[in-house]
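User: Please take a close look at the disulfide in this structure and at the parts of the chain that surround it. I would like one connected account that moves outward from that link.

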Amino acid sequence: MSVSPRRVSLFQVTDFLISAARSPRVFIAAAVIAAGAFACRDTTTPKESSKAAPTHTSETMGVGFTSTLIARGDVGTFHIQSKVDGFDVELKSHDDTDIAVANIGITTGGSSGWHYHPGPVLVVVKSGTITFYSSDDRDCTPKGHPAGTSFIEPGGVVGNARNEGAVEVVGVATFFAPPGSALRIDAEKPENCA
């Protein structure tokens with residue numbers, strides 16, 4: 001069964017359910033379909049920041065790319081220092097911060113499309129290889145990140161994650177972002193990237 005990406009308003013679902021209420025079987029089926037439609041909506045960005053297509057002709061859309069939000073929460077400001085058995089880590093945020101975690105997938109030949117994030121993103125590659133193109137590299141040289149590795153996307157830097165291999169990419173991304181903000185902002189292809 002495939003789900004249409006068409007957005008359905010709550011009023012449309014309500015009208016349909018009221019008209020279907022005459023038959024209990026139809027009503028139950030309609031309620032299940034409506035719940036499924038709302039469960040499949042875009043959850044990686046707030047509704048007002050989400051868009052189905054580029055708004056500028058030079059923006060690129062992802063193809064074969066999925067990002068499914070697992071959880072998101074406000075952690076406030078923080079300054080954490082950890083020194084255990086010679087392992088030294090420091091994390092710091094001066095501003096109120098949301099931390100969000102999403103499962104990502106890229107089909108063979110797919111890409112995320114050119115985009116950037118409002119804060120840093122930590123990516124762990126579980127399977128396949130993510131080939132990442134970053135505008136902060138003068139030559140936009142692709143960098144491969146195979147399964148079992150991690151990389152960081154700095155906030156505000158335009159990039160494109162591609163699957164140029166023969167195996168589907170599966171990964172997990174952890175976002176640091178301003179509270180309630182979009183986690184991804186579509187962007188134009190940078191001039192230094194072919």
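Analyst: A residue is called buried when its relative accessible area is under 20%, and exposed when that area is over 50%. In this predicted model, both Cys140 and Cys193 meet the condition for being buried.

These two residues form a disulfide, with 2.0 Å between their sulfur atoms. A search of the whole structure finds one such link. The connection between Cys140 and Cys193 is right-handed, with 85° about the S-S bond. Distant parts of the chain are thereby linked: Cys140 belongs to the loop between strand 5 (129-134) and strand 6 (143-146), Cys193 to the segment after strand 10 (185-186), and 53 residues separate the two.

Cys140 also deserves attention for its backbone. Its phi is positive, at about 55°, although the residue is not a glycine. In general, most residues other than glycine have a negative phi. Cys140 has a relative accessible area of 4%, so it counts as buried. Asp85 offers a second case, with a positive phi near 50° in a residue that is likewise not glycine. Asp85 is placed in the loop between strand 1 (63-84) and strand 2. There the surroundings are of the opposite kind, because Asp85 has a relative accessible area of 82% and is exposed. A positive phi thus appears in this model at a buried cysteine and at an exposed aspartate.

The next step outward is the packing. In the largest nonpolar core, which has 16 residues, Val123, Ile130, Phe151, Ala173 and Phe175 touch the most other members. Strand 2 (87-111), strand 4 (121-127), strand 5 and strand 9 (169-177) each give two or more residues to this core. The disulfide cysteines belong elsewhere: a second, separate core of six residues includes Cys140 and Cys193, together with Trp114 and Tyr133.

Phe151, from the largest core, shows which residues meet there. Apart from neighbours within four places in sequence, Phe151 is in contact with Val121, Leu122, Val123, Val125, Ile130, Phe132 and His145.

Strand 2 and strand 9 reappear in the second largest pocket, as the elements that give two or more residues to its lining. This pocket has a volume of about 180 Å³. Its lining comprises 14 residues, and those nearest its centre are Lys92, Ser93, Thr97, Pro120 and Phe176. Strand 2 supplies the largest share, seven residues. Sorted by class, the lining holds seven nonpolar, four polar and three charged residues.

The whole chain gives the setting for these details. It has two helices and 10 strands, and from the N terminus the two α elements come ahead of the β elements. Of its 194 residues, 31% count as buried, and Cys140 and Cys193 are among the buried residues. Among contacts between residues at least 6 apart in sequence, 76% join residues at least 24 apart. The disulfide, with its cysteines 53 residues apart, likewise connects distant parts of the chain.

Key
Residues numbered from 1 in each chain as written. Predicted model: local features only at pLDDT ≥ 70, side-chain atom pairs only at ≥ 80, totals over all residues. Heavy atoms only, no water. Disulfide = S-S within 2.5 Å. Helix = DSSP H or I, 4+ residues; strand = E, 2+ residues; numbered from the N terminus. Buried < 20%, exposed > 50% of the residue type's maximum accessible area, 1.4 Å probe, protein only. Core = buried A, V, L, I, M, F, W, Y, C linked by side-chain atoms within 4.5 Å. Contact = heavy atoms within 4.5 Å. 1 Å grid on protein atoms, 1.4 Å probe; cavity = no way out; pocket = protein on both sides within 12 Å on 5 of 7 lines; lining within 4 Å. Points joined across faces, edges and corners; volume = space filled by probe spheres on them. Nonpolar A, V, L, I, M, F, W, Y, C, P; charged D, E, K, R; others polar.
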